[in-house]
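Here's a quick briefing to read alongside the model. Have the viewer open and follow along.

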Amino acid sequence: DYNLQEITQVPKAALSDLFILLYSIYLLEEQGIKPSIFTLNKLYPFIFQRLEEKNELDKLHVFNLPFYKMEKGHYNKSLKNKYLAKLLKTGLIEEDTERKYL
């Protein structure tokens with residue numbers, strides 16, 4: 001019944017993830033990039049890969065969600081179903097329904 005893609009962290013870790021997610025959205029928008037579920041599911045594994053290539057992955061513990069290589073790329077369903085849904089519900093982010101962007 002256990003699924004590694006589900007949020008199982010303590011509240012402190014979930015708050016840390018929400019902060020990193022909001023900050024990532026902010027940085028993307030500052031660069032003129034529309035943040036989307038696709039963009040975010042590509043961003044974090046890319047960062048992890050770069051850190052791993054530099055042997056620095058163990059030095060940084062920021063984002064607590066694991067990402068899994070799926071058929072169409074890396075993915076974690078909690079990113080959309082839990083975190084982004086919560087941010088949308090609270091009004092901290094807005095959904096562009098025309099383009100499916102946040």
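Which residues form a nonpolar patch on the surface? In this predicted model, they are Phe19, Tyr23, Tyr26 and Leu27, with about 430 Å² of accessible area together. The notes below start from one of those residues, Tyr23, then look at its helix and at Leu92 further along.

**Tyr23 and its helix**
- Tyr23 sits in helix α1, which covers residues 11-30.
- With a relative accessibility of 43%, Tyr23 counts as partly exposed, because that class lies between the 20% limit for buried and the 50% limit for exposed.
- The end C-alpha atoms of α1 are 28 Å apart, which agrees with the 28 Å that its 20 residues should span at 1.5 Å a residue.
- Right behind α1 comes Gly32, and its phi is positive, near 80°.

**Two sides of α1**
- The buried residues of α1 are Ala13, Ala14, Asp17, Leu18, Ile20, Leu21, Ser24, Ile25 and Leu28.
- These buried residues cover an arc of only 165° around the axis, so they end up on the same side of α1.
- Their cover includes α2 (37-53) and α3 (77-90).
- Flip to the other side of α1 and you'll find Pro11, Lys12, Leu15, Phe19 and Glu30 exposed.

**Leu92**
- Leu92 belongs to the segment after α3.
- Its relative accessibility is 55%, so Leu92 counts as exposed.
- Leaving out residues up to four places away in sequence, Leu92 touches Leu22 and Leu87.
- Leu92 and Leu22 are 70 residues apart along the chain, yet their C-alpha atoms are separated by 8.4 Å.

How values were computed: Residues numbered from 1 in each chain as written. Predicted model: local features only at pLDDT ≥ 70, side-chain atom pairs only at ≥ 80, totals over all residues. Heavy atoms only, no water. Patch = residues over 30% accessible without salt bridge, like charges linked within 9 Å, V, L, I, M, F, W, Y side chains within 5 Å. Areas by Shrake-Rupley, 256 points an atom, 1.4 Å probe, with all protein chains shown as cover. Salt bridge = Lys/Arg side-chain N within 4 Å of Asp/Glu carboxyl O. Helix = DSSP H or I, 4+ residues; strand = E, 2+ residues; numbered from the N terminus. Buried < 20%, exposed > 50% of the residue type's maximum accessible area, 1.4 Å probe, protein only. Expected span 1.5 Å × (residues − 1). Arc of directions from axis to C-beta. Contact = heavy atoms within 4.5 Å.
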